[in-house]
Amino acid sequence: MTDKYRVVFAGFDSSVSESAAIEQLSLKLKTTPQKVTAFTQGKSLFAPSEKTKCLKQVKLLASFGLHAKLQSAESNANSASSIQNSKDERILEALDYITSSLIRIEERLEELEQRLPSQEIVKESKVEDDWQEDDLFDELELDPPPKRSKKVQYGLGVVLIILLIILAIALAFPELVAF
């Protein structure tokens with residue numbers, strides 16, 4: 001497998017004016033001067049190709065007064081994948097932080113619920129069960145389950161929605177989130 005290289009702008013020749021070199025090169029390549037100007041600002045003008053072809057492109061640029069150098073195309077791909085990996089790591093860290101925050105909030109809510117006055121629990125004496133008689137079920141006084149405070153439930157819901165919104169913003173605009 002052959003290595004791919006990319007031609008990168010290095011500078012202008014001192015004997016040629018920038019605008020004249022850009023115009024002459026754009027006429028030779030039959031492209032717009034804006035593309036050549038973008039090349040001088042760091043964009044690529046040619047697609048990655050073999051080393052011999054890139055060396056010919058460098059010679060062509062030198063004939064019009066532009067200095068260029070070769071850069072391995074794989075290094076650009078590796079840097080792009082490392083940037084994506086770092087973004088993925090930051091997203092996973094954010095998800096881990098949100099999950100741990102939700103767990104702490106849930107524990108705190110359980111503590112608050114335990115502090116609230118609750119109905120006294122009456123311990124019933126043990127009685128031998130006779131499952132064949134239906135009268136036993138009629139005699140039991142079943143209390144409805146204790147109701148939780150609406151404020152606590154609404155508070156948990158609001159916190160959950162806020163954390164989900166923050167997660168959505170972090171996923172949509174990762175450059176805004178600094179870790």
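Which residues of helix 2 are buried? In this predicted model, the buried positions of helix 2, which spans residues 33-40, are Val 36, Phe 39 and Thr 40. Since these three cover an arc of only 100° around the axis, they end up on the same side of helix 2. Turn to the face that points away from this buried side, and the exposed residues Gln 34 and Lys 35 come into view. The cover over the buried residues of helix 2 comes from several parts of the chain, including strand 1 (5-12), helix 1 (18-29), helix 3 (51-63) and strand 2 (66-72). Just past the end of helix 2, Gly 42 takes a positive phi of about 115°.

Stepping back to the overall layout, the chain has six helices and two strands. Read from the N terminus, the order of elements is β-α-α-α-β-α-α-α. The chain is 179 residues in length, and 18% of these count as buried. Its accessible surface adds up to about 14,600 Å², with 56% of that belonging to carbon and sulfur atoms. As for contacts between residues at least 6 apart in sequence, 74% join residues at least 24 apart.

Helix 3, one of the elements covering the buried side of helix 2, offers two residues for a closer look. Gln 57 sits in this helix and, with a relative accessibility of 11%, it counts as buried because the cut-off for that class is under 20%. Setting aside neighbours within four places in sequence, Gln 57 is in contact with Val 7, Phe 46 and Ser 49. Lys 51 also belongs to helix 3, but its relative accessibility of 44% makes it partly exposed. With neighbours within four places again left out, the contacts of Lys 51 are Asp 3, Tyr 5 and Leu 70. Lys 51 and Leu 70 are 19 residues apart in sequence, yet their C-alpha atoms are 8.2 Å apart in space.

Next come the charged side chains. A search through the whole structure turns up one salt bridge. Its partners are Glu 111 and Arg 108, whose closest N and O atoms are 3.4 Å apart. Both residues belong to helix 4 (residues 73-115), and because they are three residues apart there, about one helical turn separates them. An α-helix has 3.6 residues a turn, so residues three or four places apart point the same way. Neither partner is buried: Glu 111 is partly exposed at 37% relative accessibility, and Arg 108 is partly exposed at 41%.

Towards the end of the chain, the UniProt annotation "transmembrane region", taken from an unreviewed entry, covers residues 154-173. In the model, this span is 95% helix and 0% strand, and its end C-alpha atoms lie 28 Å apart. A nonpolar patch on the surface is made up of Ile 161, Ile 165, Ile 169, Phe 173 and Leu 176, which together have about 510 Å² of accessible area. One of these patch residues, Ile 161, is found in helix 6, which runs over residues 150-172. Ile 161 counts as exposed because its relative accessible area is 52%, and the class begins at over 50%.

How values were computed. Residues are numbered from 1 along each chain as its sequence is written. This is a predicted model: local features need pLDDT of at least 70, side-chain atom pairs count only at pLDDT 80 or more; totals for chains, interfaces and linings use all residues. Side-chain values use heavy atoms; hydrogens and water are left out. UniProt positions are given in the numbering used here, feature names are shortened, and annotations may be inferred rather than shown by experiment. Helices (H or I, at least four residues) and strands (E, at least two) are DSSP runs, numbered from the N terminus. Patches are made of residues with over 30% relative accessible area and no salt bridge: like charges are joined within 9 Å, nonpolar side chains (Val, Leu, Ile, Met, Phe, Trp, Tyr) within 5 Å. Accessible areas come from the Shrake-Rupley method with a 1.4 Å probe; for residues, only the protein chains shown count as cover. A salt bridge is a side-chain nitrogen of Lys or Arg within 4 Å of a carboxyl oxygen of Asp or Glu. Buried means under 20% relative accessible area, exposed over 50%, partly exposed in between (1.4 Å probe, protein chains only). The arc is that of the directions from the helix axis to the C-beta atoms. Contact means heavy atoms within 4.5 Å.
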